[in-house]
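I opened this model to look up how a few of its helices are packed, and I kept notes as I went.

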Amino acid sequence: MCARSGVLSVAFGILRTDMETIGAGRSTGNGTRSESRPAESRPAEPPHDPRPFAHLDVPLAGLYRRVMLVFTAAKQRFVVHLRPEDVAEALNRDGNWAAVAQEQVEEALRSLESWGNLRADPDTGRVTTVEDFYRARYLYQLTREGEAAERALALYEAELSRRGELQAVALEDISIRLRALLDLPDPADPAVAHNLLLELMGRLDSLAANASAFMSSLQRTLDLQEIDEDAFLAYKDRLISYLERFVSELVVKAFEIEGLLKRLDTAGGDRVDGLLRLASEREAADAAPDQEPPGAESEAGSAQPRVADRRLAEWRDRWSGLASWFVTADRRHPSQAELLRGRTRQAIPDLLATVSLLQERRTGRSDRSSDFRALARWFAETSSEADAHRLWRAAFGLASSRHLTAEATAEQPDVPASTSWLAAPQTEIAPRLRATGRYARRGYQRRVTDRSAEREHLARHADAERQQTDAARRRLATGRPTRLSDLGPLNSAEFGLFLRLLGEALASGTSGPDGASRTRTSDGTMEITLRPLPGAVTAQIVTVGGVMLGPDHELTITDLGYGSAQPDYGRAESGYGSAQSAGARVAAGLGTV
């Protein structure tokens with residue numbers, strides 16, 4: 001027993017002596033402490049300028065992200081410190097990734113510490129010997145900057161993956177909270193008012209954020225970005241029903257919420273501002289004191305009124321946002337609810353147009369993408385480079401350039417346009433064209449030719465045509481039934497108009513029970529009725545160009561009075577042209593000229 005205690009005493013004395021030596025080595029004569037550990041065992045100094053997002057743009061960014069996720073998960077379980085072996089075990093526990101060596105984990109931890117994401121503290125909990133004390137052992141934990149960066153990245157990923165939704169239930173919740181605020185007694189309980197306002201603003205934030213995310217996602221769907229076409233076609237009917245249900249709920253609930261907001265604003269005693277003041281004072285009561293120089297609070301009084309004023313301004317801004325969401329100020333500034341309703345309504349026809357586009361693609365109709373894919377397949381199937389060049393010329397119209405203008409001289413031979421530029425002889429061009437890019441000499445612009453006489457001649461000609469057309473309309477468009485044999489002689493303008501109207505009546509192909517054809521001109525100014533006559537004789541129509549023969553019909557031309565005749569009805573040079581163009585349509589029914 002005595003021998004064992006002696007051995008322990010000797011061992012303890014040696015350990016104590018070494019510890020004292022180490023402690024003495026840390027202390028200096030001026031009261032400072034010097035580190036006697038080896039350089040490799042000391043933790044890295046915390047960075048003066050943290051860069052918590054630096055690990056996202058390095059070659060081992062995936063490993064760093066996994067390490068930070070391990071620390072974030074441990075923080076959620078209220079585990080603050082982790083050893084390197086704990087991190088390695090957590091990383092290797094996930095079978096979806098390759099195994100990570102202990103040395104890689106330690107190197108990653110040191111890098112994250114240098115960027116300010118982690119903090120390293122000496123791990124003295126397992127030190128039993130002097131060798132353990134000299135060995136570098138650290139406990140790592142998240143820094144404030146590292147935790148904030150992880151929260152920002154988690155929020156970023158959540159926002160990108162969030163589908164969003166149109167929360168019709170949130171409209172009902174907002175209406176219930178507003179009605180509860182309206183029914184509060186005067187004076188109201190601060191806790192009840194504060195709770196109702198918090199729930200009201202929370203539901204509005206959720207409604208606005210989800211609506212914005214849903215409409216953005218819907219727009220990407222309409223633009224055919226990042227979607228599965230088969231899945232989209234499968235759920236399109238449910239999506240349209242979803243949009244229609246939300247629009248109907250929004251119309252009803254938005255009107256009800258607008259009425260409640262106006263009742264609160266018109267309530268006596270400035271009720272809304274009083275409720276907002278109760279909420280701001282209740283929040284200011286729990287606010288931590290600001291760091292101010294000594295004597296500032298005694299000069300300006302308590303800091304709580306200043307905090308309450310700031311909170312009151314924030315609550316007034318929130319209430320103003322709530323009002324702008326449901327209350328329309330004027331036509332130029334509609335409410336957010338009206339804008340959302342209009343965008344949702346517009347999304348329904350846009351969605352149907354997208355469905356139609358996908359159906360057209362499925363039925364094999366040609367579009368640019370399928371054309372280019374087919375062209376690429378043809379290029380891949382060509383047997384030689386010459387065939388590929390011929391296909392290129394046929395597809396894209398590749399041909400020799402013919403846009404260069406130069407003066408031909410006797411020394412320059414005339415070569416075909418298909419000659420290659422490499423094989424063609426040299427062509428001399430003017431130095432002015434090479435230097436200035438212009439072939440003509442610069443100088444004063446030519447004077448503009450006076451075309452007033454020509455314009456007057458054209459105006460007189462157009463007026464004469466208009467008069468001839470009006471006279472032809474008055475002659476033919478009487479509104480009374482007239483036999484073709486009773487029309488009498490027709491001049492060129494009248495005959496051109498007659499052939500045009502007769503051709504449209506015969507080309508309409510619509511016949512009534514009595515065999516009559518009724519139609520209107522393309523401009524809608526005249527109506528033509530052409531009725532065959534039983535046992536009719538051959539009608540003769542005398543014109544300046546000859547006699548037109550054909551079976552007799554009863555013709556009724558009615559001027560509908562929608563405007564004056566168009567000039568091309570009786571155009572001198574087009575009168576016969578219209579007769580010739582209509583002759584092919586009339587020849588089968590009226591005979592020959």
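**Notes on helix packing**

I began with the overall make-up, and the protein chain comes to 19 helices and eight strands. The model is a predicted one, and I read each entry below with that in mind. Of the 593 residues in the protein chain, 31% are buried. I also looked up the contacts with a separation of 6 or more, and 68% of them join residues 24 or more positions apart.

**Entry: α3 and its neighbours**

I turned to helix α3, residues 84-93, where I found Pro84, Val87, Ala88 and Leu91 buried. Looking down the axis of α3, I noted that these buried residues fall within an arc of 100 degrees, so they line one face of the helix. This agrees with the general rule that an α-helix has 3.6 residues a turn, so residues three or four places apart point the same way. I then asked which elements the buried residues of α3 pack against. They pack against α2, against α4 (102-115) and against β2 (138-142).

I followed the pairing with α4 further, and the axes of α3 and α4 lie 9 Å apart at an angle of about 115 degrees. The crossing of α3 and α4 is right-handed. On the α3 side the contact is made by Pro84, Glu85, Val87, Ala88 and Leu91, and on the α4 side by Gln102, Val105, Glu106 and Leu109.

**Entry: α6**

Helix α6 covers residues 144-161, which is 18 residues, and I read a reach of 26 Å from its first C-alpha to its last, close to the 26 Å expected at 1.5 Å a residue. Its buried residues are Gly146, Ala149, Glu150 and Leu153. They cover an arc of only 100 degrees around the axis, which puts them on the same side of α6. I noted that a glutamate, Glu150, is among these buried residues. The face turned away from this buried side carries the exposed residues Arg144, Arg151 and Leu155. The buried residues of α6 pack against α2 (61-76), and α2 is also one of the elements against which the buried residues of α3 pack.

**Entry: α7 against α8**

I next looked up helix α7 (residues 168-182) and helix α8 (residues 190-222), whose axes come within 9 Å and cross at roughly 155 degrees. That angle makes α7 roughly antiparallel to α8. The crossing of α7 and α8 is left-handed. From α7 the residues in contact include Val169, Leu171, Ile174, Leu178 and Leu181, and from α8 they include Leu196, Leu197, Leu200, Leu204 and Leu207. I also marked charged residues in this contact, among them Asp173 and Arg177 of α7 and Glu199 and Arg203 of α8.

**Entry: two single positions**

Is alanine 211 buried or exposed? Alanine 211, which lies in helix α8, is buried, with a relative accessible area of 4%. Not counting residues up to four places away in sequence, alanine 211 touches Glu165, Leu166 and Leu340. Alanine 211 and leucine 166 are 45 residues apart in sequence, yet 5.3 Å apart in space, C-alpha to C-alpha.

My last look-up was isoleucine 240, found in helix α9 (residues 229-265), and it is buried at a relative accessible area of 11%. Leaving aside neighbours within four places in sequence, isoleucine 240 is in contact with Ile348, Leu351 and Leu352. Isoleucine 240 and arginine 345 are 105 residues apart in sequence and 10.0 Å apart in space, C-alpha to C-alpha.

Methods
Residues are numbered from 1 along each chain as its sequence is written. This is a predicted model: local features need pLDDT of at least 70, side-chain atom pairs count only at pLDDT 80 or more; totals for chains, interfaces and linings use all residues. Side-chain values use heavy atoms; hydrogens and water are left out. Helices (H or I, at least four residues) and strands (E, at least two) are DSSP runs, numbered from the N terminus. The expected span of a helix is 1.5 Å times one less than its number of residues. Buried means under 20% relative accessible area, exposed over 50%, partly exposed in between (1.4 Å probe, protein chains only). The arc is that of the directions from the helix axis to the C-beta atoms. Contact means heavy atoms within 4.5 Å. Axes are lines fitted to C-alpha atoms, for helices over the stretch in contact, and angles run from 0 to 180 degrees between N-to-C directions. Angles under 35 degrees count as roughly parallel, over 145 as roughly antiparallel, 65 to 115 as roughly perpendicular and the rest as oblique. A crossing is left-handed if the near helix is turned anticlockwise from the far one by less than a right angle, and right-handed if clockwise.
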